[in-house]
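Colleague: Please take me through this one, and bear with me while I ask what stands behind each term.

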Amino acid sequence: MIGWPVEHSRSPAIHGYWLAHYGIDGAYTKEAVPPENFPAFLSTLSEHGYVGANVTLPHKEAALRTVDDADPAARAIGAVNTVWVDERGMLHGANTDAYGFMTNLDACAPEWREGYDVAMVLGAGGAARAILHGLIEAGVPRILLTNRTIAKADTLARDFGDSVQVVPWEDKDSALSACRLLVNTTSLGMAGQAPLDIMVSALPADAVVADIVYVPLETPLLAAARARGLTGVDGLGMLLHQAVPGFERWFGVRPEVTPDLRALVVATL
Ligand code: ATR
């Protein structure tokens with residue numbers, strides 16, 4: 001895991017669990033690499049003894065520029081979070097965030113696909129970009145996008161085309177009654193941050209509410225959704241599922257996201 005800083009990453013716990021569980025003789029370590037050294041470090045991964053890497057803040061966009069070849073998700077999202085070196089020494093990049101979000105959503109709330117005509121996404125950072133890509137790939141016909149800084153939502157919507165429509169941050173409550181799926185990608189509700197102020201009661205009775213925040217696991221948004229009888233999907237599942245394609249690529253085993261793995265990571269939160 002390459003980041004700057006990188007101490008707080010939970011990825012070593014996830015991959016360490018799978019390495020032990022599948023009896024693989026390998027290691028997953030953390031590398032704190034400052035931005036000025038990042039392209040050179042990534043380009044010489046095998047010289048550092050690695051077959052691949054995960055990339056986190058602030059390097060995800062630089063990773064896309066550095067790899068020899070990137071998958072369609074990474075190109076659409078504009079960021080790479082998973083890389084591997086092939087037998088010819090070529091550096092490949094992928095983005096598994098949309099995969100992680102969608103796989104977790106399907107696992108926790110498969111009903112979201114029934115009549116998923118309108119979804120609302122809150123936020124316009126890197127996570128929102130990944131989730132918009134995932135929802136559009138899944139065929140969601142209409143996505144309402146809102147963000148405190150509306151210009152960032154406008155830019156994002158322009159990149160994704162006609163199915164994404166921007167709603168002013170102040171007007172989000174009035175658009176909720178049409179939304180079968182609500183996704184929070186802002187940092188509101190995270191420990192130490194203000195809760196997200198949104199009228200959960202305005203959502204339809206069969207709506208699904210997903211939060212990408214996972215500290216705390218039960219955000220005020222998810223608590224309000226569950227209190228109303230809606231299905232809540234927490235952010236930890238996305239983190240666990242986004243790790244699967246990388247592990248499979250590096251170690252040759254497709255790992256499973258199990259309750260034991262989840263419990264192990266929950267204990268570190
Ligand atoms: P990430 O890459 O993880 O998505 P980010 O780029 O820092 O993170 O984005 C954080 C998101 O949380 C942004 O959409 C941000 O809104 P702005 O674009 O207006 O900054 C949103 N956010 C953070 N604090 C917020 C607050 N107090 N009220 C509303 N939105 C907030």
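Colleague: How far apart are the C-alpha centres of domain 1 and domain 2, and how do you know where the domain bounds are?
Modeller: The two centres lie 26 Å apart. The bounds come from an automatic or database domain assignment, which gives 2-96 + 243-266 as domain 1 and 98-235 as domain 2. Residues are numbered from 1 along each chain as its sequence is written. Please remember that this is a predicted model, where local features need pLDDT of at least 70, side-chain atom pairs count only at pLDDT 80 or more, and totals for chains, interfaces and linings use all residues.

Colleague: How do you know what confidence the predictor has in the protein chain?
Modeller: From pLDDT, the predictor's confidence in each residue on a scale from 0 to 100. The chain has a mean of 97, with 100% of its residues at 70 or more. For the model, ipTM is 0.96 and pTM is 0.97.

Colleague: What makes residues of domain 1 and domain 2 count as being in contact?
Modeller: Their C-beta atoms, placed from the backbone, must lie within 7 Å of each other. By that test, 10 residues of domain 1 are in contact with 8 of domain 2. On the domain 1 side, helix α4 (residues 72-77) supplies the largest share, 3 residues. A helix here is a DSSP run of H or I with at least four residues, a strand is a run of E with at least two, and both are numbered from the N terminus. This side of domain 1 has 6 nonpolar, 3 polar and 1 charged residues.

Colleague: Why are β5 and β6 called paired?
Modeller: Strands pair if DSSP finds at least two bridges between them. β5 (residues 82-85) and β6 (residues 91-94) have 4, in the antiparallel sense, so they meet the rule. Thr82 faces Ala94, and Val85 has Leu91 as its bridge partner. The two strands form a hairpin with 5 residues between them, and Gly89 in the turn has a positive phi of about 90°. β5 also pairs with β3 (residues 52-54), again antiparallel, over 3 bridges, with Gly52 opposite Trp84.

Colleague: What makes β3 and β4 the edges of the sheet?
Modeller: The open sheet has 4 strands in the order β3-β5-β6-β4, with mixed pairing. β3 and β4 (69-70) each have a single partner strand, so one side of each is left without a neighbour in the sheet.

Colleague: Which residues come nearest to the ligand?
Modeller: Gly125, Gly126, Arg148, Thr149 and Thr186, out of 15 around the ligand; a residue is near if its C-beta atom, placed from the backbone, lies within 6 Å. Helix α6 (residues 126-137) gives the most to this shell, 3 residues.

Colleague: How many of the shell's residues are polar?
Modeller: There are 8, alongside 5 nonpolar and 2 charged. Ala, Val, Leu, Ile, Met, Phe, Trp, Tyr, Cys and Pro count as nonpolar, Asp, Glu, Lys and Arg as charged, and the others, Gly among them, as polar, so Gly125 and Gly126 fall in the polar class.

Colleague: Where are the prolines with cis peptide bonds, Pro5 and Pro58?
Modeller: Pro5 is in the loop between β1 (2-3) and α1 (11-21), and its bond to Trp4 has an omega of about 5°. Pro58 is in the loop between β3 and α3 (60-66), joined to Leu57 with an omega of about 0°.

Methods: Two residues are in contact if their C-beta atoms, placed from the backbone, lie within 7 Å.
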